[in-house]
Amino acid sequence: GKAAQGILEDQARALKAQVEQLTAREALRRELEEALEASLSEALTQALRPAPSPERAEEDKAVSVAESKRLQLYMMFDTNVYLSDPEKINAWLSKLPTEKERKEMELKSSQVGTPASVAPRLLLPLQVVAELDFKKGSRDQTIAYCSRTASRMLLAAAEKGQVRLQREGERTEGLNYDDAILDCCLRFAGIHGGVGSPTPNNSNVALCTNDRDLILRARGEGLRVLDEND
């Protein structure tokens, strides 16, 4: 009896040790995943947001003027679209020229004396970057997964020169989410930049969102508006 009890106690202790080992491994795995997501988020922010400097300010001003004159086309996706189907956005991005390809197209156009066609770029508001980063901690695994997928996708697109990130000096502080998105659209459509008020037929910014209230407000401002099914 005592021998059998001893064997059972030994087995129980061994099983407890295995459980503790597995628990420790799971905790380590989660810690590594969180560290990876944090580093990806930081990498995305650093890649898209250059350090401010006087030279950079002048360069940004020149870029803004050039983009205004050429009426650069932009597509902006609301956060709810990234969380719904990031792969659909990735498929759209895969069709855009990289920065290198864009420059090659401009060079060929200048050589033959014809205007270069302006390929669209993805316009990324700082508000969307912050929202995606926040949603990575969602208890809804689908939302958390889509947020992480979207961040990786945006980082890769930024490295190819396919993304135009809204800069700190290009937004109005203290706005709620919808107002911040609409403010970004209007700035790049020319309302605040002096290019001229957009209309549904000539706006150089298209907003893709599933938010009906935001759709109504954006259309009221004369912006092109799509939903993810368009």
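In this predicted model, strand S1 (residues 74-77) and strand S4 (residues 205-208) run parallel and are joined by 4 bridges. Within this pairing, Tyr74 stands opposite Val205 in S4. S1 is also joined to S2, again in parallel, through 2 bridges, and here the bridge partner of Tyr74 is Arg121. Tyr74 can therefore serve as a handy starting point for reading the sheet, being buried itself and placed opposite Val205 of S4 as well as paired with Arg121 of S2.

The wider sheet is open and contains 5 strands in the order S3-S2-S1-S4-S5, with parallel pairing. Its edges are formed by strand S3 (163-165) and strand S5 (224-226), each of which pairs on one side only. On average, neighbouring strands are turned by 30 degrees against each other, direction ignored.

A closer look at S1 shows how its side chains are arranged. In a regular strand, side chains alternate between the two faces of the sheet. Tyr74 and Met76 point one way from S1, while Met75 and Phe77 point the other way, and all are buried. Phe77 has contacts beyond its neighbours within four places in sequence: Tyr82, Ile89, Trp92, Leu122, Leu123, Val128 and Cys208.

Two helices can be followed from here onto the strands. Helix H4 (residues 86-93) lies across S1 and strand S2 (121-124), and runs at about 135 degrees to S2. Helix H6 (residues 126-135) packs on the sheet as well, where it touches S1, S2 and S3; the direction of H6 makes about 70 degrees with that of S2.

Phe77 also appears in the largest nonpolar core, which has 41 residues. Phe77, Tyr82, Ile89, Leu122 and Leu124 are the residues with the most contacts inside this core. Helix H8 (residues 177-189) provides the largest share of the core, namely 7 residues.

H8 itself has 13 residues and reaches 19 Å from its first C-alpha to its last, close to the 18 Å expected at 1.5 Å a residue. Its buried residues are Ala180, Ile181, Leu182, Asp183, Cys184, Cys185, Leu186, Phe188 and Ala189. The cover over these buried residues includes strands S1, S2, S3 and S4, together with H6 and helix H9 (212-220).

Elsewhere, Thr149 lies in helix H7 (residues 141-159). Thr149 counts as buried because its relative accessible area is 11%, below the cut-off of 20%. Leaving aside neighbours within four places in sequence, Thr149 is in contact with Pro86 and Glu87.

Taken as a whole, the protein has 9 helices and 5 strands. From the N terminus on, these elements run α-α-β-α-α-α-β-α-α-β-α-β-α-β. Of the 230 residues in the protein, 35% are buried. Among contacts between residues at least 6 apart in sequence, 67% join residues at least 24 apart. The protein exposes about 13,900 Å², with carbon and sulfur atoms supplying 54% of this area.

Technical notes: Residues numbered from 1 in each chain as written. Predicted model: local features only at pLDDT ≥ 70, side-chain atom pairs only at ≥ 80, totals over all residues. Heavy atoms only, no water. Core = buried A, V, L, I, M, F, W, Y, C linked by side-chain atoms within 4.5 Å. Buried < 20%, exposed > 50% of the residue type's maximum accessible area, 1.4 Å probe, protein only. Contact = heavy atoms within 4.5 Å. Areas by Shrake-Rupley, 256 points an atom, 1.4 Å probe, with all protein chains shown as cover. Pairing = 2+ DSSP bridges. Axes fitted to C-alpha atoms, helices over the stretch in contact; angles between N-to-C directions. Expected span 1.5 Å × (residues − 1).
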